[in-house]
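The following exercises concern backbone geometry, helix packing and a pocket. Please work through each task before reading its solution.

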Amino acid sequence: MRAKLILLIFVCTAAALIFPSIPGSDSLKSVFRLTDEPQEVIVRGMSGSALTINISFGDEEIEQLIRELKAPYPLLLLDMDWADRFPEIVEMIKKRNIPTGLLGHAGLEYEQNTPLLIGQLEKYEKLFGAKPLWFRTSDEFFPHSLRNALWDTEVNALGSTVRWSKGEPPPVLEGEIISIPHFREERITLADLTKLNETRQYKSLEDVLFNMSIKTKKIPE
């Protein structure tokens, strides 16, 4: 009997780690640490392509973007100052069950400034009912102190394989995580996004990462 119980616990744990979340539910867990140490930033999976969109600006353009998104949805990294200004768009994102993460400021702003991160995490949790699984700085620079703070709060540092905003779409890389911007000073058009979408078949970020394993970038001290 005891052996069967141990086997059942093992199987349930393995299933929770391997299989992506059910649409309409939270992520695999409210939080889940994917790396073995705080010096690592997730930059690539092993299979397929995942799209991520950084959002810190816009209203009508973002509304149109959200209306036109189709499953498997991209991961939307949301700036909390933007979310405060447009709560109705946040509600639209939640209603459609589009996965989200937290978009921070430029990496240097977090140097020895853990309260900045904690405040943003609290705002996100108030909006979505749980801490984010994913965090990305707007420039994908993760200082040492920020990586340690993310590790302590069990939030994953998410970089990207490719950052793209204009020109010809990049070649397809297996396991790629594509980052596209929607900032005040740099943002993609729907026409450019359509052009990018025509070049590859997307999977959810979880499918890209959990298919086999993930690749990380170890950042030196």
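**Exercise 1.** In this predicted model, locate Glu 140 among the secondary structure elements, and determine whether Glu 140 is buried or exposed.

*Solution.* Step 1: Glu 140 lies in the loop that runs between strand 5 (134–136) and helix 6 (144–153). Step 2: its phi is positive, about 60°, although Glu 140 is not a glycine. Step 3: the relative accessibility of Glu 140 is 14%; the limit for buried is under 20%, so Glu 140 counts as buried.

**Exercise 2.** Carry out the analysis for Asn 97: in which loop is it found, and what is its relative accessible area?

*Solution.* Step 1: the loop between helix 4 (87–95) and strand 4 (100–103) holds Asn 97. Step 2: Asn 97, not a glycine, has a positive phi of about 60°. Step 3: with a relative accessible area of 46%, Asn 97 is partly exposed.

**Exercise 3.** Describe the span of helix 5, and establish how its buried residues are arranged about the axis.

*Solution.* Step 1: helix 5 comprises 15 residues, 114–128, and spans 21 Å from its first C-alpha to its last, close to the 21 Å expected at 1.5 Å a residue. Step 2: the buried positions in helix 5 include Leu 117, Gln 120, Leu 121 and Tyr 124. Step 3: viewed down the axis of helix 5, its buried residues fall within an arc of 100° and therefore line one face of the helix. The general principle is that an α-helix has 3.6 residues a turn, so residues three or four places apart point the same way. Step 4: on the other side of helix 5, Pro 115, Glu 122 and Lys 126 are exposed. Step 5: the buried residues of helix 5 pack against helix 3 (80–85), strand 4, strand 5 and helix 6. Step 6: Gly 129 follows helix 5 and has a positive phi near 80°.

**Exercise 4.** Characterise the second largest pocket by its volume and its lining.

*Solution.* Step 1: the second largest pocket contains about 350 Å³ of space. Step 2: 18 residues line this pocket, and the closest to its centre are Glu 68, Leu 69, Lys 70, Asn 197 and Tyr 202. Step 3: two or more lining residues come from each of strand 2 (49–55), helix 2 (60–68) and helix 7 (190–197). Step 4: helix 7 gives the most, with four residues. Step 5: the lining divides into 11 nonpolar, three polar and four charged residues.

**Exercise 5.** Which residues does a cis peptide bond join?

*Solution.* Step 1: the cis bond joins Ala 71 and Pro 72, with omega about 0°. Step 2: Pro 72 is situated in the loop between helix 2 and strand 3 (75–79).

Methods: Residues numbered from 1 in each chain as written. Predicted model: local features only at pLDDT ≥ 70, side-chain atom pairs only at ≥ 80, totals over all residues. Heavy atoms only, no water. 1 Å grid on protein atoms, 1.4 Å probe; cavity = no way out; pocket = protein on both sides within 12 Å on 5 of 7 lines; lining within 4 Å. Points joined across faces, edges and corners; volume = space filled by probe spheres on them. Nonpolar A, V, L, I, M, F, W, Y, C, P; charged D, E, K, R; others polar. Buried < 20%, exposed > 50% of the residue type's maximum accessible area, 1.4 Å probe, protein only. Expected span 1.5 Å × (residues − 1). Arc of directions from axis to C-beta. Contact = heavy atoms within 4.5 Å.
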